[in-house]
Every structure is written in C-alpha cells, then in structure tokens.
There are 2 protein chains.
Amino acid sequence: MRVAVGQAGGPTSVINQSLSAFISEFSPGDLYLIVNGYEGLADDHMIQMGEEEQKHIQMRKQEPGALLGSGRFSFTHEQIKRALSHLIRRKIDVLVFIGGNGTMSALHSLQQQAEAQGYPLNVIGIPKTVDNDIAGIDHAPGFASAAKYVAQSTHFSELDLKAMRNFEQVRILETMGRNVGWLASAAGYLSTESQGPDYIYVPEHEYSIDLIMKDVARAYRAKGYCLIVISEGVSLNNNQTSLSNSRGRTILGGVSKQIEGAVKEKLQLTARAELLGMNQRCYRPAVSKVDEAEAVLVGHRAAELVKGNESGFMIGLQRRDTIGYKAEVTQVPLHIVYDGGERFLPDYYINERQHYNKWLQGIIDIPEPAVSKHSGRSMIL
Amino acid sequence: MRVAVGQAGGPTSVINQSLSAFISEFSPGDLYLIVNGYEGLADDHMIQMGEEEQKHIQMRKQEPGALLGSGRFSFTHEQIKRALSHLIRRKIDVLVFIGGNGTMSALHSLQQQAEAQGYPLNVIGIPKTVDNDIAGIDHAPGFASAAKYVAQSTHFSELDLKAMRNFEQVRILETMGRNVGWLASAAGYLSTESQGPDYIYVPEHEYSIDLIMKDVARAYRAKGYCLIVISEGVSLNNNQTSLSNSRGRTILGGVSKQIEGAVKEKLQLTARAELLGMNQRCYRPAVSKVDEAEAVLVGHRAAELVKGNESGFMIGLQRRDTIGYKAEVTQVPLHIVYDGGERFLPDYYINERQHYNKWLQGIIDIPEPAVSKHSGRSMIL
C-alpha cells in the first residue's frame, strides 16, 4: 500500500504531533511525504519517507509550524486534475491530509475526480484548527492550545493594564477567528467577578462602532480602565477589515486598530490595539496537554483507518457523556464536514460564561485561577 | 522606622516578587504602600500595610502587573515638593521605589529636595526593567524573562513562517526597547546555522529603509522567506515612529508597520508586521527562574539596606568572575545610575552572536535547543 501524507492551512502548536503519530504506524518506504501542502501536491513535490525522514519528524514532533511545509493554495479544478495525475503515476493508494475545513473539501473533490476517472483512491482527513470552525465534531487538535494562550494573555494583559491605568486607559486585544468566536471567547476563561475582559466581540454577531464606544465608555467610567477582546473576523458596520491579500486569500486583522482610532477620537482616551498574533498558533509553552494527547490520538486513528481500507472520512473528537471530560475518537464522513460549513459558537456559550467555561475546562488545561478563590478585591484602590 | 514603598514605570513579570520579598522583612504597621507610583506619592495616595495587605501581596507575588499600581508620571519640581510635604507630614523615614532609570533619578531628586529642606529622608531603589537600560549594573530583574519570551516567540514564529512560505514571505517582529537593543538582540538566542532571524535591528545603530529592503531581498532570494526583528526604538532615516502620546510620553511602535509597507511596495512581497506586545513584560509562563530568584534577592537586600540606615543606593546585580553564571547583589550609588544614562548594547554583543548568547545563557533559563544538536537541515526541501 502506498500512502501520501501532507499538511495544509495555518499550522498549530500540535499539528506535528498528529503527523508524527501517523507516520510512526508505517514502515519507511510505504509513505510519501508531500511538501508544502496542496501546492506541493499539484507540483508533484513529494519524497519517499526513509528512516532518516521518519526519525527527523519523530524528533521534532513538539515543534510548532508544519514539518512538511504547509501553506495556503487555491486548488482549482485544473490543479486537482494535475494533482491526481501525479498520484496515479506514482500509484498512490491513499491520500491523507492534516488540515481544516478547506482541506476536507479539497480531499472530497480529489476523491470525486478520482472516481470519475476510475482510479481507486482512498482519502482520509486529520483535522487541525485554531478557530474550531470544523463541522461534525466537538473540537479539533490545535484549538485548545490556542485558547489557552488567549486566555492567559488576556488575563496577564489585564493585570498589566490595571497597573498602568494612569497612563493607558483602553486596551483592545485582537484574536484569530476568521468566521467564528470560539477563540475570542476563550479570552474570558480566567474571568472572576472582579476581573476579566469587559467585553468580547465575536464574528457570530454584528456590532457598530457606536455600540462599542458606548461599551468602552461604560466600562471606563466604572473602573478607570477598560480591556476588550475582539475576533479578527468581526464586521463593524458590515465591513470586515483586512491587513493584506495573498494568493487570493485576505489576511484579516485591523479591526482592533479601527477601534483604537475611534476610542482616541470619540472618547478622548488613550488606547492601544494589540494583535495576539502568530503566537496563538505557535507558542509551544502554552500547549494544552490534553490537546497534545488528542493530536496524537487522531494521528494514530487515521493510520488505523488507512490500514483498514476505509475512505472518505475525517477523524473527529466527540465528548463522552461522563462526569469529567472524556473524549471519543470518531470518524466523520467528509461530506458532513464539507456540507456542514462553519461551526459557529452557539449563543448559549456567547452569553453564558459558565457554560462555555465548563466546555473549555476539559481541554484547555489551565488550573483554576488561584487568585479568585482567595480574594475578589484588587490591591490597587 | 516608617518606610514607604511604591512601584513605578512599566511592570515586569517578576516585579511583584521584589515587592513581596521586600515587604516580608517588615512588620505590618511599619510599612506604607504607595498606590499608583509617583502619581500616588504626589497625591498622598498611600495606605498603611496591615496583615491583610501583606498576605495579599505575598499570595499574588507570582502575578504580572504591579500589585500597588504603577504608571508613568512626569514628576515636576512642584510635584516633588508636594510629595515631600506628604512624606514629612506622615513622618516617613525611608522611601523605597521599584523602578527603572527614571525612578532612580526621581529618588535622587527627592532626596536632594529633602536635604535642602533639612528633612532626613533615606531613599533606596530596587531596579526593574525589560529593556536592560539601567547603568551601573550587569542587568536588572524583569529583563531575562522578557528576553526569554522574545527568544522563544521569534524561534516559533520562524518555524510557523517557514511552513507558510508559499503564502507569506516576510515577517517583521517588533520588540520593546526604547533606546537599547538588549531585548531585540535576544531574538537570536535560539539561532543555529540553518535557523534564526535573518537580521536584527537595534536602536544603537541607524538604518535606512533602503538598507533594510536590500537585507530582506537578499534573505528572501536565499531561502524563499525572511524573518527580521526590530526594536521599537529604531530610527529609520532619523525618524522614530510612534503609536500615540500619553501624559507627555510617546508610546513607541510602528516601525515594523513602516517596513511592512515598504516590503509590499518596493519588493512586491507579502509581509506581516507583528508587535510582540505586552506579553513581553507580562506573560508569566515565560518567566526565567533565574530572573525570578534575582527579583526576590534584590527585594531582600533592599530591606537590609533600609534596616542598616543606608541611603542613596540602588540595589544592583553584577556577575562574579566564575565558571558558570553566578550573580552578586551589589549596591550602586544613585548618582552613578542617574549620571550613567542609558546602558547601550555594546557592539561586541551586536556583532558577535556567541558572545551575547554566552552573556544571556546564565540568566535566560532556556535549555539548549535540542534541534540544533541533531540536525542542521530542515525537513521542508
């Protein structure tokens, strides 16, 4: 059996754990490593895995980034056909990709094209995400570590801002989250009665600058400073802001800067916008141990499916209905993922902190904040 | 003996360890806690430390931010006189501040004013910094943890960028460092022959946009992507960029954005500017254990000096001339700090990575990167 494996989309802190777990189940020689994601596939850029490559990946499994090279690539019909011709020529039986929503739909298209051409190609998807926007599952590896980084950064940033409030009044943290607010909402995980971000804005809802100005003014009046969190994908007055364009995909970002400007101009307060940045998906010390373990699990399960001659599935994670957190590894038909579209954060979680915290608790791997148990009051009077 | 203690300037990840160590040497009742730094001092905003406050601080000593409130404040001659009048009325014998360069010169001025008015006021300074710009010492608490965060973030960000190089070509990381390049230069700590930022720009030198464009183009041609690091205080063509103004002090930042614009326009490459942000001074999981231990040490030593009736000193850290790192706690006359001005990063460290790494090695508390030992080559071909 000849298996080709690749990584696609934005990396996560644990994506290489899934890769390492998957390749550890195969003998060198049976696997082909696709370099630079779908672009590499279209360009026939793959190498046969030798012992050296296998060892190399296993040794670096704790690194962020994507060891095979990932990237973004608009996979046109022409390129799909080209990719398939390479797979046929190389006699690849199974194609496995670690990726997000886009990757699963690309796998689906590839399989359909293979079927149309009468070539028996199995495809299996391994999920990764920082946004948690993949349908058909509870969550995917990568998200919990990003959520941990966001929760911690927000908590520490608020302590910093509180100390500097005679100098700086409003801080606006911008998280990743192109279409969904799971990550931005994690910013409130360490909130207590007397601490936490004042407002969190998510792409599931729509806001106006005027509304946000009212929120900020209210929070500032109440305590002399204000920290808000906003997802990069939020539309203000129906407009998404973007930083730049690359290969047909807009790099979002800048909504916090827009709010910073409005705070300065309309409220006459000092404001600082801050993107939490790439560290959300690559700052290894913030890795959640649960997340890492699950990244390994889905990698192993994918290898099982490949060996069992299964096809057309993405590996998934569901919660078991138990006391305490317990995950179950599932397999989801690709069309469920593909047809499911974006997995939005339910209003139930947006509006009720304790519900969302309970959901996060199992996977985020942050001990209960010691501070909240002892004292609700702040030293600074 | 009545002692008043405050915190001033930008917080660090370990500034509350110095505070906690200091106050643990005094009985409740003997200490006055100054709220919000020099502004609180001028406004007579201080509270007598009771058992509750002492416990509160000791319990939260591992938090970032400043438990007493800090802030920035332009301390005019009028305000110095006002502050002194409060200290005299309250019969304060000793004034202690945890702060940076500006704080040490403010303490100096206060002591001189007290002397001129015939009031016996002792002053002692406890250093903190993320920039490492304090004269008369080797380094001060706060810097090493910030350096660790910068070194790690740069390393992880490069792995992330390398994985995404078909989508994003140039990343520009901006660090803190108003006048000195110690922190920006720490970005190269985890560099190996085949990895690490391509260029690091520090405020000690002057650069033109044209020079940086040549650097970026060269690095990009060589390997298909480019990561550079720049200190917020760098002047490009003699101009510092700033984000905003607050209370007479400019918030620096934006130089990376300027470079991003130039890369897009002049080199026609995709670029992303990223400020490493407030996490440099507040992301607790990045704390260096050595840094934290030294923050405790200087706090205790300050208490000893106070009890020994010493005055006019800042506590310092020097290296002992031994094999391996060993620090010595010293006391530096305030005028040495005050007259010494900014402590610049020597060219010796700017130009010779191994020398600067050796200096950092003792304090930064990052294990040798495992990757560099095993393999210089990158998986992505």
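Trainee: Are the two faces of strand 2 (residues 31-34) of chain A buried or exposed?

Mentor: Buried means under 20% relative accessible area, exposed over 50%, and partly exposed in between, with a 1.4 Å probe and protein chains only. Here A:L31 and A:L33 on one side are buried, as are A:Y32 and A:I34 on the other. Bear in mind that this is a predicted model: local features need pLDDT of at least 70, side-chain atom pairs count only at pLDDT 80 or more, and totals for chains, interfaces and linings use all residues. Residues are numbered from 1 along each chain as its sequence is written, chains are lettered from A and ligands numbered from 1 in the order in which they are written, and side-chain values use heavy atoms, leaving out hydrogens and water.

Trainee: How many bridges join strand 1 of chain A to strand 2 of chain A?

Mentor: Strands (E, at least two residues) and helices (H or I, at least four) are DSSP runs, numbered from the N terminus. Two strands pair if DSSP finds at least two bridges between them. Strand 1 (residues 3-7) and strand 2 of chain A run parallel and are joined by three bridges; A:V5 has A:L33 as its bridge partner.

Trainee: Which strands stand at the edges of the four-stranded open sheet in chain A?

Mentor: Read the order, 7-8-6-11, with parallel pairing. Strand 7 (199-201) and strand 11 (271-275) of chain A each have a single partner strand, so one side of each lacks a neighbour in the sheet. The twist averages 15° from one strand to the next. Inside that order, strand 6 (residues 170-175) and strand 8 (residues 226-231) of chain A pair over six bridges.

Trainee: Now for helices: at what angle do helix 1 and helix 3 of chain B pack?

Mentor: Two packed helices are described by the angle between their axes and the distance between the axes. Axes are lines fitted to C-alpha atoms, for helices over the stretch in contact, and angles run from 0 to 180 degrees between N-to-C directions. Helix 1 (residues 15-23) and helix 3 (residues 51-59) of chain B pack at about 140°, with axes 9 Å apart. Under 35 degrees counts as roughly parallel, over 145 as roughly antiparallel, 65 to 115 as roughly perpendicular and the rest as oblique; these two helices of chain B are therefore oblique to each other.

Trainee: Which residues make the contact?

Mentor: Contact means heavy atoms within 4.5 Å. Helix 1 of chain B contributes B:L19, B:S20 and B:I23, while helix 3 of chain B contributes B:Q54, B:I57 and B:Q58.
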